[in-house]
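Trainee: Could you pick one part of this model and take me through it closely? I'd like to hear how it sits in the rest of the chain, too.

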Amino acid sequence: EIDGGVQKVAMSLPSIVTADLRLNEPRYATLPNIMKAKKKKIDTMDAASLGVDLAPRIEYVNVEDPPVREAGIKVETVDEVIGKLKTDG
């Protein structure tokens, strides 16, 4: 979008595109437009008529629970923490 309207640009890849701050300004729907949208009919189409294959393409080989974690150790002082880190890694 430019000041005078909308501009479409075609370019070869690779290319760099930049945007300004107005890019993320949301457009809020007004109440009359919401009411119009509620009344509008939604056409339903069959996937086969569009030539879309809905067959699953994922094969589940194996599903396992993660290993159970070991219980932790409570320490009272900083010296105990340092000692456990030195001995147990």
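Mentor: Let's get the charge bookkeeping out of the way: Lys and Arg count as positive here and Asp and Glu as negative, while His and the chain ends are left out. On that basis the chain carries 13 positive and 15 negative side chains, and the centres of the two sets lie 14 Å apart. Bear in mind that this is a predicted model.

Now the wider setting. There are two helices and zero strands in the chain. The radius of gyration is 30 Å, well over the 12 Å that the globule rule gives for 89 residues, so the chain is more spread out than a compact globule. Its C-alpha trace spans about 70 × 45 × 40 Å along the principal axes. Burial is quickly dealt with: 0% of the 89 residues count as buried, where buried means under 20% relative accessible area. As for the surface, about 10,200 Å² of the chain is accessible, and 57% of that belongs to carbon and sulfur atoms.

The part I'd zoom in on is the area around valine 52, which is found in the loop between helix H1 (31-39) and helix H2 (78-88). Valine 52 counts as partly exposed because its relative accessibility is 44%. Together with Met45, Leu50 and Leu54, Val52 makes a nonpolar surface patch of about 460 Å².

Next along from valine 52 is aspartate 53, and here charge comes back in. Side chains of opposite charge can pair when their charged atoms come close. Aspartate 53 forms a salt bridge with arginine 57, with 3.6 Å between the closest N and O atoms. The cut-off for that call is 4 Å, and the count for the model comes to one salt bridge. Arginine 57 counts as exposed, because its relative accessibility is 65%.

Follow the chain onward and you reach H2. Of its eleven residues the number buried is zero, so H2 lies largely in the open. Just after H2, glycine 89 takes a positive phi of about 90°.

At the other end, have a look at the segment before H1, which is the place of proline 14. The peptide bond leading into proline 14 from leucine 13 is cis, with omega near 0°.

So when you go back to the loop, picture a nonpolar patch that includes Val52, and the salt bridge between aspartate 53 and arginine 57.

Conventions. Residues numbered from 1 in each chain as written. Predicted model: local features only at pLDDT ≥ 70, side-chain atom pairs only at ≥ 80, totals over all residues. Heavy atoms only, no water. Patch = residues over 30% accessible without salt bridge, like charges linked within 9 Å, V, L, I, M, F, W, Y side chains within 5 Å. Areas by Shrake-Rupley, 256 points an atom, 1.4 Å probe, with all protein chains shown as cover. Salt bridge = Lys/Arg side-chain N within 4 Å of Asp/Glu carboxyl O. Helix = DSSP H or I, 4+ residues; strand = E, 2+ residues; numbered from the N terminus. Buried < 20%, exposed > 50% of the residue type's maximum accessible area, 1.4 Å probe, protein only. Rg over C-alpha atoms; globule rule 2.2 N^0.38 Å. Charge placed at Lys NZ, Arg CZ, Asp CG, Glu CD.
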